[in-house]
Amino acid sequence: MSPIPQPARTGEATDYQGRPLVYVVRFCGTEESSVASAIRQGIGVLDSFLQRQGADEPSELVIVYRNRLPGAVTLQIGFPVDQRIANAAAGEVFAGLTPSGPMIEILPGGDLEEVLSVGARLPEGGPSLTWQTFRPSDFRPWRAHPSAPVMAPAELGAPDTRPEPS
């Protein structure tokens, strides 16, 4: 496993560098039971994939919340890995990068309802993603949604620079 790099601070935002990630995509309802089931199932698929690759136990879980709609959310459930492991992704296991670029913490933690409500309040037409990371003690086993900071692209928190109407 590659070490977890420390993000560089840039003013109010934190600049994250993308790291290789293997992930699965799950579509689910917004109820705790639906999200928890999707995450547990996703972790199981990824654990099997890592085992077949002879990879170490993951030291971090990344969950990206996308396309939040009334009653539904798309989850990308993933583990940061070495590039060699990411290159072996196939089938329902995809390879990509962890969220990167300037990010802001938009919620210091909270239950699932609070986490999903943040994504529902994002401005239309902008990036529709928020994300969280969890330590193994938070996701082995996955129980109720652990409290962890919710991150989003910094552009969502930038001040409105448009001139005021005259």
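Here are some numbered notes on this predicted model, written for someone meeting the structure for the first time.

1. Start with how far to trust the model. The mean pLDDT of the protein is 85, with 84% of its residues at 70 or more. Confidence is highest in strand β6 (residues 94-97), where it reaches 98, and lowest in strand β1 (residues 8-10), where the mean is 38. Residues 1-11 have a pLDDT below 50, although the model gives this stretch 19 contacts beyond near neighbours in sequence. Residues 158-166 also stay under 50, and for them the model has zero contacts beyond four places in sequence. Please keep those two stretches in mind as you look around.

2. Next, the overall layout. You should be able to pick out four helices and nine strands. Read from the N terminus, the order is β-β-β-α-β-β-α-β-β-α-β-α-β. Of contacts between residues at least 6 apart in sequence, 75% join residues at least 24 apart. As for inside and outside, 42% of the 166 residues count as buried. The accessible surface is about 9,000 Å², and carbon and sulfur atoms account for 51% of that.

3. Now follow strand β7 (residues 101-107). Strand β2 (residues 13-16) pairs with β7 in the antiparallel sense, over three bridges. One spot to find is aspartate 15, whose bridge partner in β7 is proline 102. β7 also pairs with β9, again in the antiparallel sense, this time over four bridges. There, methionine 103 stands opposite proline 153 of β9.

4. Where does the nonpolar core get its residues? The largest one has 33 residues, and the members touching the most others are Val22, Ile39, Leu61, Leu75 and Phe79. Two or more residues come from each of β3, α1, β4, β5, α2 and α3 (112-120). Helix α1 is the top contributor, with nine residues. Take leucine 61 as a sample: beyond four places in sequence, its contacts include Ile39, Ile43, Ile77, Phe79, Phe134, Phe139 and Trp142. A separate core of eight residues lies apart from the big one, and Leu21, Val64, Leu129 and Trp131 are among its members.

5. Have a look at threonine 74 too, which sits in strand β5 (residues 72-80). Is threonine 74 buried or exposed? It counts as buried, because its relative accessible area is 11%, and the cut-off for buried is under 20%. Leaving out residues up to four places away, threonine 74 touches Val25, Arg26 and Phe27, plus Val64, Tyr65, Arg66 and Asn67.

6. On to charges. Side chains of opposite charge can pair when their charged atoms come close. How many salt bridges does a search of the whole structure find? There are five. In one of them, glutamate 60 meets arginine 19, with the closest N and O atoms 2.9 Å apart. Glutamate 60 is in the loop between α1 (32-52) and β4 (61-69), while arginine 19 is in the loop between β2 and β3 (20-29), so find both loops before you look for the pair, which is 41 residues apart. Both glutamate 60 and arginine 19 are buried.7. Arginine 26 and glutamate 92 form another salt bridge, at 2.7 Å from N to O. Arginine 26 belongs to strand β3 and glutamate 92 to the loop between α2 (83-87) and β6, so the bridge ties together parts 66 residues apart in sequence. Arginine 26 counts as buried because its relative accessibility is 14%. Glutamate 92, at 41%, counts as partly exposed.

8. Arginine 135 and aspartate 138 also meet in a salt bridge, with 3.5 Å from N to O. Arginine 135 is exposed, at 54% relative accessibility, whereas aspartate 138 is buried, at 18%. Elsewhere, Asp47, Glu57 and Arg140 are linked in a network of salt bridges.

9. Finally, a backbone detail. Most peptide bonds are trans. The bond joining arginine 140 and proline 141 is cis, with an omega of about -5°. To find it, look for proline 141 in the loop between α4 (136-139) and β9 (150-153).

How values were computed:
Residues are numbered from 1 along each chain as its sequence is written. This is a predicted model: local features need pLDDT of at least 70, side-chain atom pairs count only at pLDDT 80 or more; totals for chains, interfaces and linings use all residues. Side-chain values use heavy atoms; hydrogens and water are left out. pLDDT is the predictor's confidence in each residue, from 0 to 100. Contact means heavy atoms within 4.5 Å. Buried means under 20% relative accessible area, exposed over 50%, partly exposed in between (1.4 Å probe, protein chains only). Accessible areas come from the Shrake-Rupley method with a 1.4 Å probe; for residues, only the protein chains shown count as cover. Two strands pair if DSSP finds at least two bridges between them. A salt bridge is a side-chain nitrogen of Lys or Arg within 4 Å of a carboxyl oxygen of Asp or Glu. A nonpolar core is a set of buried Ala, Val, Leu, Ile, Met, Phe, Trp, Tyr and Cys residues joined through side-chain atoms within 4.5 Å.
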